[in-house]
Amino acid sequence: MEKFKALLVEKQGEEFSRRIVERSISDLPEGDLTVRVRYSSLNYKDALSATGHKGVTRKFPHTPGIDAAGEVVESASSAFSPGDEVIITGFDLGMNTAGGFGQYIRIPSGWAVKLPDGLSLRESMILGTAGFTAALSVRKLELVGVRPDDGEILVTGATGGVGSLAVGILARGGFRPVAATGKSDEADFLRSLGAVDVSGRDAVTEGADRPLMKERWAGAVDCVGGPMLAAALQATRYGGAVACCGMVASPEIRMTVFPFILRGVSLLGVDSVQCPMGERVEIWKRLAGPWKPEKLEDFADECTLEDLEDRIGKILEGRLKGRTLVDLK
Ligand SMILES: NC(=O)c1ccc[n+]([C@@H]2O[C@H](COP(=O)([O-])OP(=O)(O)OC[C@H]3O[C@@H](n4cnc5c(N)ncnc54)[C@H](OP(=O)(O)O)[C@@H]3O)[C@@H](O)[C@H]2O)c1
């Protein structure tokens with residue numbers, strides 16, 4: 001029985017600890033697709049799982065990793081054959097199903113997307129759930145009619161995984177992204193990704209004590225929730241829209257309904273986890289083609305399973321920038 005390396009999160013009383021262990025394929029859950037994982041990536045949710053957040057993972061010991069890309073080694077599904085290169089993001093991967101922080105995963109084949117032409121396995125995981133979510137957010141804005149020549153698009157949490165890729169994807173799609181960040185020393189990084197302007201968090205929320213702010217944004221991709229999301233909605237122009245995809249600051253918003261009923265602003269929900277397969281495939285095709293950010297490697301900080309402990313602490317403190325690519329080879 002093939003042995004492989006995985007990060008294992010263990011629970012002792014109310015404490016959680018992480019170590020790299022050797023596992024067997026037989027330790028993996030049931031599933032009709034077995035994949036040798038080449039790359040994964042670190043998302044905020046992985047850090048929550050790795051530190052015992054009950055809203056993400058209920059059963060321990062557990063291997064997190066909501067993202068995985070690799071080759072099929074065994075398939076009981078007619079849709080996949082050994083050797084096929086696949087991407088898996090979302091569904092239950094890394095939540096209560098052993099995830100991409102292990103060199104093998106076994107999953108239902110309905111979770112896998114064939115790697116589209118135009119993307120390598122490595123590139124697919126620089127994007128990962130963050131890139132997929134950013135693209136889904138931009139798609140939602142497009143579907144309600146937000147167009148590149150309508151004006152600037154605010155991106156909050158801009159140096160983070162979803163935020164940085166939203167900046168890159170918007171720029172690639174011809175939009176004018178304005179990056180809002182708490183890291184003033186990362187302005188050059190954000191401009192290099194395609195931001196037309198960089199703003200501090202305080203500048204975005206200034207004046208948000210009024211129910212409506214000066215109309216500024218054609219749209220927004222919000223990764224942080226709380227007061228930033230409220231301010232984004234209050235400053236969105238007539239007929240614009242805000243895609244809400246994250247809540248690192250807060251899951252709560254306090255505001256009036258005025259932006260919705262006086263300016264016709266739309267609040268768009270974004271969920272990457274249960275996104276239906278047809279839409280999933282379409283989004284990955286765009287990420288492999290017209291929306292593939294320029295200089296994708298510039299978004300990535302590469303690490304191994306052994307390096308994850310340090311990165312998990314940093315992402316929870318909002319101190320990482322761009323994407324953390326995990327090499328499992
Ligand atoms: N809806 C979905 O399907 C979906 C999918 C993926 C992720 N998400 C969610 O999206 C969010 C971002 O995920 P991620 O993986 O991109 O995380 P990340 O890499 O940690 O990025 C989050 C960024 O938000 C900013 N930030 C951190 N704490 C903040 C605070 N207290 N107030 C304001 N801004 C703060 C920081 O950027 P700056 O320093 O540049 O401001 C940070 O880098 C998370 O809530 C995650 O759960 C949702």
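Start at the ligand and select helix H1 (44–50), helix H2 (121–143) and helix H3 (161–172): each of these helices supplies at least two residues of the shell around the ligand. Bear in mind as you click around that this is a predicted model.

**Stop 1: around the ligand**

Now widen the selection to the whole shell, which comes to 32 residues. Show Gly157, Gly160, Thr181, Gly246 and Gly318 as sticks, as these are the closest to the ligand. If you colour the shell by class, you will find 15 nonpolar residues, 13 polar ones and four charged ones. Which domains does the shell draw on? Domain 1 (3–115 + 295–327) and domain 2 (129–269) each provide at least three of its residues.

**Stop 2: the two domains**

Next, give each domain its own colour. The chain is divided into domain 1, made of 3–115 + 295–327, and domain 2, made of 129–269. Note that domain 1 is written as two segments, so select both of its ranges. A distance between the C-alpha centres of domain 1 and domain 2 comes out at 29 Å. Where the domains meet, 12 residues of domain 1 and 14 residues of domain 2 take part in the contact. On the domain 1 side, the residues touching domain 2 are three nonpolar, five polar and four charged.

**Stop 3: the largest nonpolar core**

Hide the ligand for a moment and turn to the largest nonpolar core, which holds 98 residues. Select Ile153, Val155, Ala166, Val221 and Ala232, the members that touch the most others in this core. Which helix gives the most to this core? H2 does, with 10 residues. The core lies between domain 1 (3–115 + 295–327) and domain 2 (129–269), because both give residues to it.

Zoom in on Val155 and leave aside its neighbours within four places in sequence. What is Val155 in contact with then? Its partners are Gly163, Ala166, Val167, Pro177, Val178, Ala179, Ala180 and Val221. Two of the names from the core selection, Ala166 and Val221, turn up again in this list of contacts.

**Stop 4: the whole chain**

Finally, zoom out and switch to a cartoon view. You should see nine helices and 15 strands. The radius of gyration of the chain is 20 Å, close to the 20 Å that the globule rule gives for 329 residues, so the chain is as compact as a globular protein of that length. Along its principal axes, the C-alpha trace spans about 65 × 45 × 35 Å. Colour by burial, and 49% of the 329 residues count as buried. Among contacts with a separation of 6 or more, 69% join residues 24 or more positions apart.

Technical notes:
Residues are numbered from 1 along each chain as its sequence is written. This is a predicted model: local features need pLDDT of at least 70, side-chain atom pairs count only at pLDDT 80 or more; totals for chains, interfaces and linings use all residues. A residue is near a molecule or strand if its C-beta atom, placed from the backbone, lies within 6 Å of it. Helices (H or I, at least four residues) and strands (E, at least two) are DSSP runs, numbered from the N terminus. Ala, Val, Leu, Ile, Met, Phe, Trp, Tyr, Cys and Pro count as nonpolar, Asp, Glu, Lys and Arg as charged, and the others, Gly among them, as polar. Domain bounds come from an automatic or database domain assignment. A nonpolar core is a set of buried Ala, Val, Leu, Ile, Met, Phe, Trp, Tyr and Cys residues joined through C-beta atoms within 7 Å. A residue is buried if 20 or more other C-beta atoms lie within 10 Å of its own, exposed if 12 or fewer, and partly exposed in between; C-beta atoms are placed from the backbone. Two residues are in contact if their C-beta atoms, placed from the backbone, lie within 7 Å. The radius of gyration is taken over C-alpha atoms; the globule rule is 2.2 Å times the number of residues to the power 0.38.
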